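Here are some exercises to work through with the model beside you. Try each task before you read its solution.

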Amino acid sequence: MSDREGLPGIRHKLAERLFHWLMAASVVALLATAFLPIVGIRFAWLPLHWTAGVALTLLVLVHIGRAGLVNGLAAMSPRGADLVEVGRAVLGRPADDLAPAKYDAFQKGIHVAVLLAVLVLVATGLAMLVKIDTSLWKRDPAVLSDLSWGYIYVAHGAAALVLLFLVILHVYFAILPEHRAFLRAMIVGRGPALARGGKS
Ligand code: HEM
Ligand code: HEM
């Protein structure tokens, strides 16, 4: 989609770009405060970690609201053509003739994977807030049994490892030279209307 000057149209509105980079900053802060102490870099990680977690929760709530009420869910919803695209990729065949799509099968795939990992992290992380002392409240571990807390901690840690892997994968593909137009679109807004088909 191009405007009258022949420039590419807006791929990501300002609100979505702000969401992406604030969410990325909070996720990087969360992963750093979680994993740096484990590899031996010791600092007071907990206050930074839980405030970044609360910030991520609020950002994701705004994003879900905008996706459902303003932008619509269609562009990011996986469809039959996405399965065909994955099959073609496995066979090394082109997918340009498939239904044109703003996000290709792999972008939708990583979105679903990040979404699931973040929802598990946010749900378990919010529950874990009752286990810590802050200036606003005192810890009260007795609200759940030890076994329940065990499940919550394992789920939080496992989802964190999954998210770490997904972020490394996502950043690797985002900085490849052939994806430069999409990286520019996430910074300045203008970019290709379609990631699959349509030759935009
Ligand atoms: C139930 C939860 C979620 C729903 C329903 C949802 C829905 C969507 C939809 C429909 C889009 C495409 C908007 C468009 O371009 O038309 C989108 C884009 C995106 N989503 Fe989500 N999402 C959810 C959770 C998440 C989570 C947890 C993250 C990351 C922490 C995330 C990160 C992104 C990013 C970075 C984009 C691209 C920005 C853009 O909208 O242009 N999403 N999401
Ligand atoms: C810090 C370095 C990062 C870079 C360079 C980066 C780059 C990008 C770019 C260029 C896009 C847009 C692709 C398009 O226009 O279709 C995008 C989308 C998206 N980003 Fe990031 N991102 C980063 C961090 C993150 C983090 C930390 C997360 C979540 C944990 C994340 C989640 C997403 C999601 C879910 C989308 C939508 C799906 C997609 O288009 O791949 N990003 N990112």
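**Exercise 1: two helices that cross**

Helix H1 (residues 14–35) packs against H5 at an angle of about 125 degrees, and their axes are 11 Å apart. This is a predicted model, where local features need pLDDT of at least 70 and side-chain atom pairs count only at pLDDT 80 or more, while totals for chains, interfaces and linings use all residues. Residues are numbered from 1 along each chain as its sequence is written, and chains are lettered from A and ligands numbered from 1 in the order in which they are written.

*Task.* Find out which class the angle between H1 and H5 falls into, and which residues meet.

*Solution.*
- Step 1. Two packed helices are described by the angle between their axes and the distance between the axes. Axes are lines fitted to C-alpha atoms, for helices over the stretch in contact, and angles run from 0 to 180 degrees between N-to-C directions. Helices (H or I, at least four residues) and strands (E, at least two) are DSSP runs, numbered from the N terminus.
- Step 2. Angles under 35 degrees count as roughly parallel, over 145 as roughly antiparallel, 65 to 115 as roughly perpendicular and the rest as oblique. At about 125 degrees, H1 is therefore oblique to H5.
- Step 3. The two helices cross in a left-handed way; that is, the near helix is turned anticlockwise from the far one by less than a right angle.
- Step 4. From H1, Val27, Leu31, Ala34 and Phe35 meet Ala160, Leu164 and Val167 of H5. Contact here requires C-beta atoms, placed from the backbone, to lie within 7 Å.
- Step 5. Sorted by class, this contact of H1 with H5 holds 7 nonpolar, no polar and no charged residues. Ala, Val, Leu, Ile, Met, Phe, Trp, Tyr, Cys and Pro count as nonpolar, Asp, Glu, Lys and Arg as charged, and the others, Gly among them, as polar.

**Exercise 2: another partner for H1**

*Task.* How are H1 and H2 oriented to each other?

*Solution.*
- Step 1. The angle between H1 and H2 is about 150 degrees, with their axes 9 Å apart.
- Step 2. H1 and H2 are therefore roughly antiparallel, and their crossing is left-handed.
- Step 3. Residues of H1 that meet H2 include Phe19, Leu22 and Met23, and those of H2 include Trp45, Leu48 and Arg66.
- Step 4. The contact of H1 with H2 divides into 15 nonpolar, 5 polar and 1 charged residues.

**Exercise 3: buried or partly exposed?**

*Task.* Which residues of H4 are buried, and is alanine 67 partly exposed or buried?

*Solution.*
- Step 1. A residue is buried if 20 or more other C-beta atoms lie within 10 Å of its own, exposed if 12 or fewer, and partly exposed in between, with C-beta atoms placed from the backbone.
- Step 2. In H4 (residues 105–128), the buried residues are Ala105, Lys108, Ala117, Val118, Leu121 and Gly125. They pack against helix H2 (45–71), helix H3 (80–91) and helix H5 (146–174).
- Step 3. Alanine 67 lies in helix H2. Alanine 67 is partly exposed because 15 other C-beta atoms lie within 10 Å.
- Step 4. Leucine 161 lies in helix H5, and is partly exposed because 13 other C-beta atoms lie within 10 Å.

**Exercise 4: the whole chain**

*Task.* How many helices and strands does the protein have?

*Solution.*
- Step 1. Count 6 helices and 0 strands.
- Step 2. Buried residues make up 12% of the 200 residues.

Notes:
Expected span 1.5 Å × (residues − 1). Contact = placed C-beta atoms within 7 Å.
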